[in-house]
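Ready for a few exercises on a protein you haven't met before? Try each task yourself, then walk through the solution.

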Amino acid sequence: MSKKTLALIAAIVVIVAGVATAIVVGNHQSNSKNNGSMSGMSMSSDKKMNMSSSMDMSSSMSDMSGMKMDESLPTNLKAAENPKYPVGTAITLEATHMSGMKGAQGTVAAVYDTKVYEVTYQPTNGGQKVTGHKWLTKDDFKDMKDHKKGDKVTLESDHMPNMKGAKATITKVEDGPAYAVNYQPTTGGNMVMNHKYLVESEIQAR
């Protein structure tokens, strides 16, 4: 084989190798760009996700703040003279009215000689009907009168959001006394002050 032929073959090999190298490099750069773009998209999605989560969390916190209960004590009810658990008694709660209530430790804040009522009512904001809300007293009714099971009443209290002015039906009546209590929820968080109301069967001394 002549020298010219060998040189020609060598030149062709070099050209082919160069073209192949260029193709490989080009593909690598293209993939890098695509990966960079995908990475940017992922970051953008993460940011959107985090922003959305923060917004949801803020909304939840706002809703929770809206659930803050009325901490005032009534002025129109007679204080119980010799309750089983006097004011200041250290207690454990057995009720399940609220999340974190059962098993919570607290103290008796006030005791009233009055009947207590369980009610079902339609919130004034048109939300879902609340069934079996415990407990209210006649101080929580617009007419301030004693009632019996089945009576229709208008609620005057604002123990819960959208309760005041709501139409309700009395579903249960107990003789009382009615206990207002302070307690530390088992779920953590701030101390609940002057929760209204519990009955004696929902309390244990500790």
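Is Asn 194 buried or exposed? Asn 194 has a relative accessibility of 16%, so it counts as buried. The cut-offs: buried means under 20% relative accessible area, exposed over 50%, and partly exposed in between, using a 1.4 Å probe and protein chains only.

Before going on, some ground rules. This is a predicted model, where local features need pLDDT of at least 70 and side-chain atom pairs count only at pLDDT 80 or more, while totals for chains, interfaces and linings use all residues. Residues are numbered from 1 along each chain as its sequence is written, and side-chain values use heavy atoms, with hydrogens and water left out.

**Exercise 1. Get the overall picture.**

Task: find out how many helices and strands the protein has, and in what order they come.

Step 1. Count the elements: there is one helix, plus nine strands. Helices (H or I, at least four residues) and strands (E, at least two) are DSSP runs, numbered from the N terminus.

Step 2. Read off the order: starting at the N terminus, it goes α-β-β-β-β-β-β-β-β-β.

Step 3. Look at burial: 31% of the 206 residues count as buried.

Step 4. Check the contacts, meaning heavy atoms within 4.5 Å. Among contacts with a separation of 6 or more, 58% come from residues 24 or more positions apart.

Step 5. Add the surface: about 12900 Å² is accessible, and carbon and sulfur atoms hold 56% of that. Those areas come from the Shrake-Rupley method with a 1.4 Å probe; for residues, only the protein chains shown count as cover.

**Exercise 2. Lay out a sheet.**

Task: work out which strands stand at the edges of the open four-stranded sheet.

Step 1. Write down the strand order, E4-E3-E6-E5, with antiparallel pairing. Two strands pair if DSSP finds at least two bridges between them.

Step 2. Find the ends: E4 and strand E5 (152-154) are the edge strands, each with a single partner, so one side of each has no neighbour in the sheet.

Step 3. Note the twist: ignoring direction, neighbouring strands here are turned by 40° against each other on average. For such angles, axes are lines fitted to C-alpha atoms (for helices over the stretch in contact), and angles run from 0 to 180 degrees between N-to-C directions.

Step 4. Zoom in on one pair: E3 and E4 run antiparallel over three bridges, and Tyr 121 has Val 130 in E4 as its bridge partner.

Step 5. Follow the loop between strand E3 (116-121) and strand E4 (130-136), where you'll meet Gly 127. Gly 127 is partly exposed, at 28% relative accessibility. From Gly 127 to Asn 162 is 35 residues in sequence and 8.7 Å in space, C-alpha to C-alpha.

**Exercise 3. Spot the unusual backbone.**

Task: say where cis peptide bonds and positive phi values turn up.

Step 1. Recall the usual case: most residues other than glycine have a negative phi, and most peptide bonds are trans.

Step 2. Pick out the cis bonds. One joins Lys 134 and Trp 135, with omega about -20°, and Trp 135 sits in strand E4. Another joins Lys 196 and Tyr 197, with omega about -5°.

Step 3. Pick out the positive phi values. Met 144 isn't a glycine, yet its phi is about 55°. Met 144 sits in the loop between E4 and E5 and is partly exposed at 33%. Asn 194, not a glycine either, also has a phi of about 55°, but its place is in strand E8.

**Exercise 4. Trace E7 and its partners.**

Task: find which strands pair with E7, and what ties E2 to E8.

Step 1. Start with E7 (residues 178-184): six of its seven residues are buried.

Step 2. Pair it with strand E2 (residues 105-112), antiparallel over seven bridges. Here Thr 107 stands opposite Asn 182 in E7.

Step 3. Now pair E7 with E8, antiparallel over four bridges. Val 181 has His 195 in E8 as its bridge partner.

Step 4. Search for aromatic pairs: the whole structure has three. One of them is Tyr 112 with Tyr 197, edge-to-face, 6.3 Å centre to centre and 90° between the planes. Tyr 112 lies in strand E2 and Tyr 197 in strand E8, so this pair ties together parts 85 residues apart in sequence. (Rings of Phe, Tyr and Trp, using its six-membered ring, pair if their centres lie within 6.5 Å; planes under 30 degrees apart count as stacked, over 60 as edge-to-face and the rest as tilted.)

Step 5. Finish with burial: Tyr 112 is buried at 7%, and Tyr 197 is buried at 1%.
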